[in-house]
Amino acid sequence: MYRKSVKIALVLVYLVIIAGAVVRMTGSGMGCPDWPKCFGYWIPPTEASALAWQPNTEYEAGQVIIREESLQVASSDFISGEAFAKANWEQYDKHDYAIFNPWHTWIEYINRLLGALAGLVVLVMAVLSFSQWRLKRRIVYLSWLAVVMMGFQGWLGATVVYSVLAPVRITIHMVMALLIVALLIYLLYTSRMQLLEASFSSGRLGTKYDRPFKYLVLLALILTLIQIIMGTQVRQFVDERIDQVGYAAKSLWLNDPEVVFYLHRSFSILVLLLNLFLFMRNKKRALGYSLTNWVLLLLGLEILSGTVMYYFDFPFTTQPVHLIVAALLFGVQFYLLLETFPKRDAVKA
């Protein structure tokens, strides 16, 4: 049951990353301008009329309306009169963004629902981890660390909204998601070793230990993380260009880009060459690491999606695909890195 819960949690975290990519692609990051509610509702409205002030209407404390291009929050429960009474309302003080777009709102809301569901599953996973207490207490400690990290990630999401999508906070939010992925993969791998170590007296589980290979895999993982961070900065530049020229002028989104774009594009060559070398070393020395095949496949898809975005003016879905493949690549490389460490001899139950 514990391993199943880890797998489900990992899938859900990746779904949250996918949803986040869709949020960025559609410009829906401020679809819910408050947190944890959305325009003061646990289930957001679908029409702008629900956020307009109405006379002779019952309002609850914390309920939000849009009035004179600002968010107004009900300070207490009351019934409105025939005229707007400013004393009953407080202006939202986290930021001054006050635009309602039902599509953006529900895209962001679904993203938050997936995040909440992932957090709940991680909590269940942590509870189930007590079944591993006698075998390896580290699993229990790290499972509860995952709960803390999910809570911290939720708080980071709130700060992203409060900052009106500040680039640095978006980058930190993404890196934190990858750290959670890494931790869940480590828990999945460690719990798997608990089941398999006793069956392999050699302790190698079908792979050969190669020290240079291990450190080169670590370097490749670090380079991938750097690429993802630079990619978020490129994406921020694109967002700013969209604000300037609009969604229709896709051919202008990468006109005269910042230097980080050229670094991001050129860096991919280094990443590709390093992973090709790892693939060849694995084959030549018969090390047995089959995940190198998946690394090259994902890396090829990543380069292809990036090339298509640049030369064909951002076809639909290429942006989220580019980010999703990068996140999958990071996860596969991290699991590969775990496999490269020397395994202990079989352990007694």
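A residue counts as buried when its relative accessible area is under 20%. By that cut-off, 46% of the 349 residues of the chain are buried. The model shown is predicted.

**Figure 1. The whole chain, with eight helices and five strands.** From the N terminus on, the elements run α-β-β-β-β-β-α-α-α-α-α-α-α. The C-alpha trace spans about 80 × 55 × 25 Å along its principal axes. Among contacts with a separation of 6 or more, 71% join residues 24 or more positions apart.

**Figure 2. The loop between helix H1 and strand E1, around Pro 36.** H1 covers residues 2-26, and E1 covers 58-59. The peptide bond from Trp 35 to Pro 36 is cis. Its omega is near 5°. Phe 39 lies in this loop too. Phi of Phe 39 is positive, near 55°, in a residue other than glycine. Phe 39 has a relative accessible area of 0%, so it is buried.

**Figure 3. Helix H2 packed against helix H3.** H2 takes in residues 102-128, and H3 takes in residues 137-162. The axes are 8 Å apart and meet at an angle of about 160°. Angles over 145 degrees count as roughly antiparallel, and H2 and H3 are therefore roughly antiparallel to each other. Their crossing is left-handed. On the H2 side, the contact is made by Arg 112, Gly 115, Ala 118, Gly 119, Val 122, Leu 123, Met 125, Ala 126 and Val 127. On the H3 side, Ser 143, Trp 144, Ala 146, Val 147, Met 150 and Val 161 take part. By class, the contact has eleven nonpolar residues, three polar and one charged.

**Figure 4. Leu 113 of helix H2 and its distance to Val 16.** Leu 113 sits in H2. Its relative accessible area is 45%, so Leu 113 is partly exposed. Along the chain, Leu 113 and Val 16 are 97 residues apart. In space, their C-alpha atoms are separated by 9.0 Å.

**Figure 5. Val 168 of helix H4 and its distance to Val 260.** H4 covers residues 167-196, and Val 168 belongs to this helix. Is Val 168 buried or exposed? At 58% relative accessibility, Val 168 is exposed. Val 168 and Val 260 are 92 residues apart in sequence. From C-alpha to C-alpha, the two are 14 Å apart.

**Figure 6. Thr 232 of helix H5 and the residues that Thr 232 touches.** Thr 232 is part of H5. At 9% relative accessibility, Thr 232 is buried. Which residues does Thr 232 touch, not counting those up to four places away in sequence? They are Arg 24, Thr 171 and Met 174.

**Figure 7. Helix H5 packed against helix H8.** H5 runs over residues 211-245, and H8 over residues 318-340. Their axes are 9 Å apart, at an angle of about 160°. That angle makes H5 roughly antiparallel to H8. The crossing of H5 and H8 is left-handed. H5 brings Phe 213, Lys 214, Val 217, Leu 218, Ala 220, Leu 221, Thr 224, Leu 225, Ile 228 and Arg 235 to the contact. H8 brings Gln 319, Ala 326, Leu 329, Phe 330, Gln 333, Phe 334, Leu 336, Leu 337 and Thr 340. Of these contact residues, 13 are nonpolar, four are polar and two are charged.

**Figure 8. Helix H8 and Thr 317 in the loop between H7 and H8.** H7 covers residues 291-311. Thr 317 has a positive phi of about 80°, although it is not a glycine. Its relative accessible area is 34%, so Thr 317 is partly exposed. H8 itself has 23 residues. From its first C-alpha to its last, H8 reaches 33 Å. That is close to the 33 Å expected at 1.5 Å a residue. Why is H8 described as largely enclosed by the rest of the structure? The reason is that 20 of its 23 residues are buried.

Notes. Residues numbered from 1 in each chain as written. Predicted model: local features only at pLDDT ≥ 70, side-chain atom pairs only at ≥ 80, totals over all residues. Heavy atoms only, no water. Axes fitted to C-alpha atoms, helices over the stretch in contact; angles between N-to-C directions. Helix = DSSP H or I, 4+ residues; strand = E, 2+ residues; numbered from the N terminus. Parallel < 35°, antiparallel > 145°, perpendicular 65-115°, else oblique. Left-handed = near helix turned anticlockwise from the far one by under 90°. Contact = heavy atoms within 4.5 Å. Nonpolar A, V, L, I, M, F, W, Y, C, P; charged D, E, K, R; others polar. Expected span 1.5 Å × (residues − 1). Buried < 20%, exposed > 50% of the residue type's maximum accessible area, 1.4 Å probe, protein only.
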